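Me: I would like to practise reading a structure by asking how each label is earned. Please set every value against its definition for me.

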Amino acid sequence: MMSDKTIEIPATAKLRLDEDALVSNWQTLDRMSGSASAGAAIKANAYGLGSIEVLQRLQAAGCRDFYVANWQEARELEGHLEGDSCISVLNGVRAEDMPFATVSAAKPVLNSIEQVHRWQETGRPCDVMINSGMNRLGINIVDIEQYDWSGLDIDIVMSHLASADEDGPQNASQLQQFIDALEYIPGQRRSLSNSAGIALGSAYHFDCTRPGLSLYGGKQRPELEQTIRQVAFPETQILQVRDLKIGDKLGYNAKYTAKRAHPIAILAMGYADGYLRGFSNEGVFLSGNTKLPVLGRVSMDLIAIDISDASHLKESDWVTAEYNLPIASQQSGLSQYELITGLGQRYDRYWV
């Protein structure tokens, strides 16, 4: 007998997404950018939250520059652009990308002289990435100085800060290298700062900024702690409630042993959903304002929590992960970037 695929199966884990917080974060970062305009990095499915939904909300708020990693992401999004909005493809343009890239509304960010040669014949707009010392993608300054850029229609000349979340000498060094390179390469606009770079001050802002993590609740610097709001709230259902006796062991490898008798709840979520094993014996869930500690090792599909302070909880009730990114990073030992981009596909994502 075949099952009826029209029957809805309610999700056991949901990702509540706060539209007001997302828009507020972009407005904060745009305001902090001073005379520069803030764009939005929406690569990796908008850091896991849903790129189409994020683009639409930020575009309605006034954002016009969007940044993705590759042409697959650009293709998914370009049909949702309105007015003078534009997409930049940060990973550049390979030979294999050219058939689509030459008919796309998106611009490549050219990262090598080879890519420059490849794109120059099209006569189409582009951006250019300068390697100012991060030594990831980007054209070396010595090559910038030696090249004739007059044949390219360059919108944004950009570089990328490697250590903007720290107060170290690399920030000033990259800033100066970027300024030096700008003498040799023309462009309509200039861009250097990511979210943390915006907080470094006006010298780093230029014409446009490219926030990413802080749009989604990340706070890499103290200047962002009071103004950036949490956007993503993982929620999950209780599958079972049980009582532990003194000495009972819990979960894989018995990483928790009960020192007292108390109730626990088993949750329908685990590391396959992006709630990773770093939260084992460290994470916290919430029932209202009551904190419920994670007990033992996080499994692929299951998590145990102590519900001693919320003994009213029962099977099918819902709890929320404490997923404030800086706090969750301290609990798990994972970076804020890993936490937000790693949220899995089994969540039923919904905006409020």
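Me: Where is Asp 317 found?
Reply: Asp 317 is in the loop between strands β18 (303-306) and β19 (318-321). Helices (DSSP runs of H or I, at least four residues) and strands (runs of E, at least two) are numbered from the N terminus. The model is predicted, so local features need pLDDT of at least 70 and side-chain atom pairs count only at pLDDT 80 or more, while totals for chains, interfaces and linings use all residues. Residues are numbered from 1 along each chain as its sequence is written, and side-chain values use heavy atoms, leaving out hydrogens and water.

Me: Why does Asp 317 count as buried?
Reply: Its relative accessibility is 18%. Buried means under 20% relative accessible area, exposed means over 50%, and partly exposed lies in between (1.4 Å probe, protein chains only). The value for Asp 317 is under the cut-off, so the residue is buried.

Me: What does the side chain of Asp 317 reach, and at what distance?
Reply: It reaches the backbone nitrogen of Lys 314 at 2.9 Å. A polar contact is a pair of N or O atoms within 3.5 Å; within protein, one must be able to donate a hydrogen and the other to accept it, and residues adjacent in sequence count only if both atoms are side-chain atoms. The 2.9 Å of this pair is within 3.5 Å, so the distance condition is met.

Me: Which residues does Asp 317 touch, not counting those up to four places away in sequence?
Reply: Thr 236, Gln 237, Ile 238 and His 312. Contact here means heavy atoms within 4.5 Å.

Me: Why does Asn 324 count as buried?
Reply: Asn 324 has 18% relative accessibility, so it falls under the limit for buried. The residue sits in the loop between β19 and α10 (325-332). Beyond its neighbours within four places in sequence, Asn 324 is in contact with Lys 219 and Gln 230.

Me: What about Ala 304, buried or exposed?
Reply: Buried, because its relative accessibility is 8%. Ala 304 belongs to strand β18. Leaving aside neighbours within four places, its contacts include Leu 250, Ile 266 and Val 294.

Me: What makes a group of residues a nonpolar core?
Reply: The set must consist of buried Ala, Val, Leu, Ile, Met, Phe, Trp, Tyr and Cys residues joined through side-chain atoms within 4.5 Å. The largest such core has 90 residues, and those with the most contacts inside it include Trp 149, Phe 285 and Ile 305. A second, separate core has eight residues, among them Leu 244 and Ala 304. In soluble globular proteins, nonpolar side chains tend to be buried together.

Me: Which residues does Ile 305 touch, not counting those up to four places away?
Reply: Among them are Pro 263, Phe 285, Leu 292 and Val 319.

Me: Which residues of helix α3 are buried?
Reply: In α3 (residues 51-61) they are Ser 51, Val 54, Leu 55, Arg 57, Leu 58 and Gln 59. These buried residues pack against several elements, including α1 (19-32), β4 (65-68) and β20 (348-351). Gly 62 follows α3 and has a positive phi near 120°.

Me: Asn 253, buried or exposed?
Reply: At 56% relative accessibility, Asn 253 is over 50%, so it counts as exposed. Asn 253 lies in the loop between β13 (249-250) and β14 (256-257), and its phi is positive, about 60°, although it is not a glycine.

Me: Why is Asn 281 called partly exposed?
Reply: Its relative accessible area is 34%, which lies between 20% and 50%, so partly exposed is the right label. Asn 281 also has a positive phi, near 60°, in a residue other than glycine. Its loop runs between β15 (262-267) and β16 (284-287).

Me: What label does Ser 335 get at 27% relative accessibility?
Reply: Partly exposed, because 27% is again in between the two limits. Ser 335 lies in the loop between α10 and α11 (336-341).

Me: And for the protein chain, how many helices and strands are there?
Reply: There are 11 helices and 20 strands. Buried residues make up 53% of the 352 residues.
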